[in-house]
Amino acid sequence: MHRRILAPGVPAAAALLLAIPASAASWSPGAPGIGDPYYPYYGNGGYDVSHYDLRLKYQPRTDELQGTATVLARTTQDLSRFDLDFLLDVSEVRVNGAEASFTASGQHELVVTPKTPLAKGAPMTVVVRYSGVPSTKSAYGFTTWHRTPDGAVAADEPESAWWWFPSNDHPSDKATFDVSVAVPDGTQAISNGTLQSASSKLGWTRYTWRQDKPQATYLTTLALGRFDITTGTSEGGVPVVNAYSRDLGANDGAARASVERTGELVDWLTGYFGPYPFGSAGGYVPNTTTGYALETQTRVYYSPKQFAGGSNTSVVVHELAHQWYGDDVSLKGWKDIWINEGFARYAQWLWSEHEGEGTAQELAGYVYASHPADDAFWTVAPGDPGPDDQFDVAVYDRGALAVQALRNEIGDDAFFAVLKGWPKEHAYGNASVADFRRYAEQVSGKPLAALFDTWLFQPSKPAAPAARSLVRTGAAVARPDSWREIEATNDVHGR
Ligand code: ARG
Ligand code: ZN
């Protein structure tokens, strides 16, 4: 589809002339950020990616990563130059087959200037050849590449891609992925989707994973290390692949007792959210020292610490709920984090109710009562918390409280229709908090602007609603049984 190929016999200079339309003056560089006010330099302007093909090789002893990324994209403007978000050392870039010039810029920008400018709406193939030791790279003073005694893991939010592949690093540009990694025999490489093949040659085993549904860059994960891999199929027919570091020590049993419930819990969640959106499910527990879990698409990341207090099915429910709320339907901008975390936390409340350890209404009442009006908790607006409070506990607990307030306002029938309809309404796409409000209004037939404003946007404790009050005023509110497990998942905060 490239102009150069349409005129193979024409000498280069003449081809260049042919390729430059009269509107040459309109060519401009793509923006260094996609336009997210929380993170001005995350993602890039000027193109939209449809597929990443990553062919890599990793040596756990030295943390050396090398490989080639082939990025399929389409230009969204007449483009003279564009950025990728990346930190490793680049040796060659090609755009539509031709060598391009490139330079590192800012905190994590790789600036690529193609030999010839690209017209708007044209397909573009970018090949980036690179190598480096990810653990030696940082941006803004931090790294999210987590070294382990037996390898490394890339899993973090809102950023983890810069340390291992060049990308348009923002959830509004989702793409499919083929990730193929060669590691020394005896080491495993875990990524998203389905394992297509694993074969050994001359001491190196190559693992090839495929994600054939759109996936955000921060939901793309890579784990390199010594894992025990288990496979199965849920009763509802979803293939499950889990992996456990062989080095989990005392947490091994509790980790397996939790994550091996994945198939059962996926099936349980389909009752609330509709059919599971992806071709496989599962999770992995590497031997990191991190504390959080992350909803990496189809292959959830769990820190061993999540299981330090014993098994925790609640965290598994949380991360699996994200497969619908966050992964299938992704946020439009990072300010929309509530459509991820409010619902993943609410799923934990539904699980608590199912387990007979406290109803959603009881958990809502407990959250409401346990934060007095002058608690800083109420100053965080889950509907637009700001980058510093993006993962504040209020986004989760006040966020789920808002979901319960919505349920009480529109009634169970409309509420559960919204819960199940939403992933279908925006399947494999992106949506905002405002989109959610409009959808809930449409399904329930009720105006909800005031309710959303009170529960999600006001920096103060909402007055207890007159009807179906969240808490019987004056009565002591008992701590639901499930609280300990739910609270343990709050370990997600902080790096
Ligand atoms: N989405 C994750 C969860 O709620 C939170 C990840 C927070 N990131 C971090 N670096 N602590 O499961
Ligand atoms: Zn979450």
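Two strands are said to pair if DSSP finds at least two bridges between them. By this rule, strand E13 (residues 194-201) pairs with strand E14, the two being joined by seven bridges and running antiparallel. The model described here is predicted. This briefing covers the pairing around E14, an open sheet of five strands, and the contact of helix H8 with helix H9.

**Strand E14 and its partners**

- Strand E14 spans residues 204-215 and pairs in the antiparallel sense with strand E11 (residues 175-184) over nine bridges.
- Within this pairing, Ala175 has Gln215 of E14 opposite it.
- Strand E14 is also joined to E13, by seven bridges and again in the antiparallel sense.
- Thr205 in E14 is the bridge partner of Ser200.
- E13 and E14 form a hairpin with two residues between the strands, and Leu202 in this hairpin takes a positive phi near 50°.

**The open sheet of five strands**

- Five strands, in the order E16-E17-E18-E20-E19, form an open sheet whose pairing is mixed.
- The edges are occupied by strand E16 (227-233) and strand E19 (293-294); each has a single partner strand, so one side of each is left without a neighbour in the sheet.
- Strand E18 (residues 283-285) and strand E20 (residues 300-302) run parallel and are joined by two bridges.
- In this parallel pair, Tyr284 stands opposite Tyr301 of E20.
- Helix H3 (residues 252-259) packs on the sheet, where it touches strand E17 (239-245), E18 and E20.
- The direction of H3 makes about 170° with that of E17.

**The annotated region, residues 311-455**

- An unreviewed UniProt entry annotates residues 311-455 as "domain: Peptidase M1 membrane alanine aminopeptidase".
- Over residues 311-455, the chain is 63% helix and 3% strand.
- The C-alpha atoms at the two ends of residues 311-455 are 32 Å apart.

**Helices H8 and H9**

- Two packed helices are described by the angle between their axes and by the distance between the axes.
- The axes of helix H8 (residues 393-425) and helix H9 (residues 433-444) cross at roughly 115° and come within 9 Å.
- Angles of 65 to 115 degrees count as roughly perpendicular, and H8 is therefore roughly perpendicular to H9.
- The crossing of these two helices, H8 and H9, is right-handed.
- H8 contributes Leu406, Ile410, Ala414, Ala417, Val418, Gly421, Trp422 and Glu425 to the contact, while H9 contributes Phe436, Tyr439, Ala440, Val443 and Ser444.
- By class, the residues of the contact of H8 with H9 comprise 10 nonpolar, two polar and one charged.

Technical notes: Residues numbered from 1 in each chain as written. Chains lettered and ligands numbered in written order. Predicted model: local features only at pLDDT ≥ 70, side-chain atom pairs only at ≥ 80, totals over all residues. Helix = DSSP H or I, 4+ residues; strand = E, 2+ residues; numbered from the N terminus. Axes fitted to C-alpha atoms, helices over the stretch in contact; angles between N-to-C directions. Parallel < 35°, antiparallel > 145°, perpendicular 65-115°, else oblique. Left-handed = near helix turned anticlockwise from the far one by under 90°. Contact = placed C-beta atoms within 7 Å. Nonpolar A, V, L, I, M, F, W, Y, C, P; charged D, E, K, R; others polar. UniProt positions renumbered as here; feature names shortened; annotations may be inferred.
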